[in-house]
Amino acid sequence: MDLLELSADFLRPEEAARAGELPGKVDLPVILTVRREKEGGRFTGNERDRMQLLLRLGLSGFAFLDLEEDLQAPELDRRIREAGAGVIRSLHDIHGVPSDLSRRLAVLARNAREIPKVAVTPCSAADLMRLLETFTALGSIPKVLFGMGDYGFPTRVLAPRLGSLFCYSSPPTGNEAQGHVDPRTLDELYGYHRIGKDTDVFGVIGNPVMHSFSPLIHNTGLLAQGLDAVYLPFLVDELASFFHVADSLGVQGLSVTIPYKESVIPMLGYKDRAVAAIGACNTMRRGADGRWEGTNTDAAGFLASLVQAFHGVVPPGQGATVIGAGGASRAVVYTLLDQGVRVLVLNRTALRAQKLAQELGGRGASVQSAPLDESSVKLMAGFTDLIVQTTKLGMSPNENADPLPGYQFTGAEVVCDIVYAPDTTSFLKRALAAGCTVVRGSQMLLAQAYEQFAFFTGSPFPPGAKERLRERMSSA
Ligand code: NAP
């Protein structure tokens, strides 16, 4: 159901004086709130003034008044009923999820004439799980429940699936709270009005994750394929609690990003050859027995992104420097070794690079490792046909960071930076200025996501959607 909410506490006095005209001017039911500061509102007057404002405006055709759980005002309640308006009885916490949430919600839910509402702020995956438990405990009664902040974001988009009557959304102001979503994004990106009880849920887990382009890519594909499914970002601080959330929501598939590609492996019931060989997993889906199956599409995505720069195939025997030794680097090194390329891995934590080289080397594959510091440049001689940057240095918002400021490009190198936001990192800008051929992270991102889509849905990414996506990504 679509509704409009008027937060009268945001109005200037001259606007508040005319606020009662609103319900008669719009085609939607209107909710009235006059929210105090402790609930995130702007009303600074005393309770008597607030009550007067509610009484004056509340009888002007508003469909609902949203009143706080501690507001005891029998006179107001009676007059609202006489005016034919409904009451949403709300419980707010802008700092966390109260420990007595279930008890307080049960009190709200006892009044069958009112709609209980919970707006709290999960600060962890465990908090989100507690909020989801309250959804379940309330059963099928009409209710409004959602989590604020980035951890609560999935509950906003999934409101229709979770049985919440509506979720909150407002136009962008440039000063949004975390987890806020504007109506256009909610509808066009997440297909909010198409979400129902049976909608399949997919997503990306990471930390940070809210900047991820994966929702744009996958939701574009899911919509074009005509699937009843949605793909969400899940901010995760701790994997075990998140997987309770995933079970509770019946999540069908997950992309895995920084920093969980290695730590997610113990959660898998089955891992394919790529995960076993690379030691990192970037894609999971729920198998027929309910356990998670893992694969790694970074390797195939990275290889696909190189094809154009190398006119089809990376010549064996070439020398490559890979900067970074994290989850994504493992897929890059694995791919290059598979192509017969000699690899030097440089990493801030030298031991991690050494471990990577040991685990992926051998069987005739040539891989060396060294620390990433001022001395690295000297070691790179013979490893500069291709340079691949896989650390998060240069990623938004730290766009000026350069992982290897001492290296001077000659123009002969093919330079790939797998960071995709910004599209051209400062490292790639230096390479372009020297005349190098560059490969952007967005090319790998798209290629690996198309592989994920097929793994999730069993269908190739719709070709028509690829074109639309390139347009949307360039304007994102
Ligand atoms: P990860 O496993 O957490 O690894 C992070 C890497 O960055 C490690 O090598 C780490 O070095 C290094 N690093 C972090 N902060 C650093 C600093 N201040 N100075 C030097 N090195 C630093 O992350 P990941 O999953 O591999 O992802 C890494 C980046 O690749 C992210 O930006 C991600 O968005 C991007 N990515 C892009 C694609 C794509 O499709 N284009 C795919 C995957 C990943 P230490 O070992 O010393 O900590």
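This dialogue covers the domains of a predicted model, one domain contact and the ligand site.

Colleague: Where do the domains begin and end in the chain?

Modeller: Start with the assignment. Domain 1 covers 4-196. Domain 2 is written as 221-296 + 464-475. Domain 3 covers 299-439.

Colleague: How far apart are the C-alpha centres of domain 2 and domain 3?

Modeller: Those two centres are separated by 25 Å. The contact itself draws on nine residues of domain 2 and ten residues of domain 3.

Colleague: How do I read the size of such a contact?

Modeller: Interface size is often quoted as the accessible area that is lost when the parts come together. Here, domain 2 and domain 3 bury about 790 Å² between them. Carbon and sulfur atoms carry 55% of that area.

Colleague: Which three residues of domain 2 supply more of its buried area against domain 3 than any other three?

Modeller: Look at I258, E262 and I278. Together they supply 55% of what domain 2 buries against domain 3.

Colleague: What about charge? How many salt bridges are counted between domain 2 and domain 3?

Modeller: The count is one. Find the side chains of R352 and E262: they form a salt bridge, at 3.1 Å from N to O. E262 also belongs to the trio just named for buried area.

Colleague: How many residue pairs are in polar contact between these domains?

Modeller: Five, with both residues of each pair at pLDDT 80 or more. On the side of domain 2 that touches domain 3, four residues are nonpolar, two are polar and three are charged.

Colleague: Now the ligand. Which residues come nearest to it?

Modeller: There are 25 residues around the ligand. A328, N347, T349, R352 and I418 come nearest. R352 is also the salt-bridge partner of E262.

Colleague: Which polar atoms should I check around the ligand's oxygen atoms?

Modeller: Take T349 to begin with. An N or O atom in the T349 side chain lies 2.5 Å from a ligand oxygen. Then turn to the backbone. A polar backbone atom of A325 is 3.0 Å from an oxygen atom of the ligand. For G326, a backbone N or O atom is 3.4 Å from a ligand oxygen.

Colleague: How much of the ligand's area does the protein bury?

Modeller: Alone, the ligand exposes 920 Å². The protein buries 88% of that.

Conventions. Residues are numbered from 1 along each chain as its sequence is written. This is a predicted model: local features need pLDDT of at least 70, side-chain atom pairs count only at pLDDT 80 or more; totals for chains, interfaces and linings use all residues. Side-chain values use heavy atoms; hydrogens and water are left out. Domain bounds come from an automatic or database domain assignment. Contact means heavy atoms within 4.5 Å. Buried area is the accessible area (1.4 Å probe) that two parts lose on being put together, summed over both. A salt bridge is a side-chain nitrogen of Lys or Arg within 4 Å of a carboxyl oxygen of Asp or Glu. A polar contact is a pair of N or O atoms within 3.5 Å; within protein, one must be able to donate a hydrogen and the other to accept it, and residues adjacent in sequence count only if both atoms are side-chain atoms. Ala, Val, Leu, Ile, Met, Phe, Trp, Tyr, Cys and Pro count as nonpolar, Asp, Glu, Lys and Arg as charged, and the others, Gly among them, as polar. A residue is near a molecule or strand if one of its heavy atoms lies within 4 Å of it. Accessible areas come from the Shrake-Rupley method with a 1.4 Å probe; for residues, only the protein chains shown count as cover.
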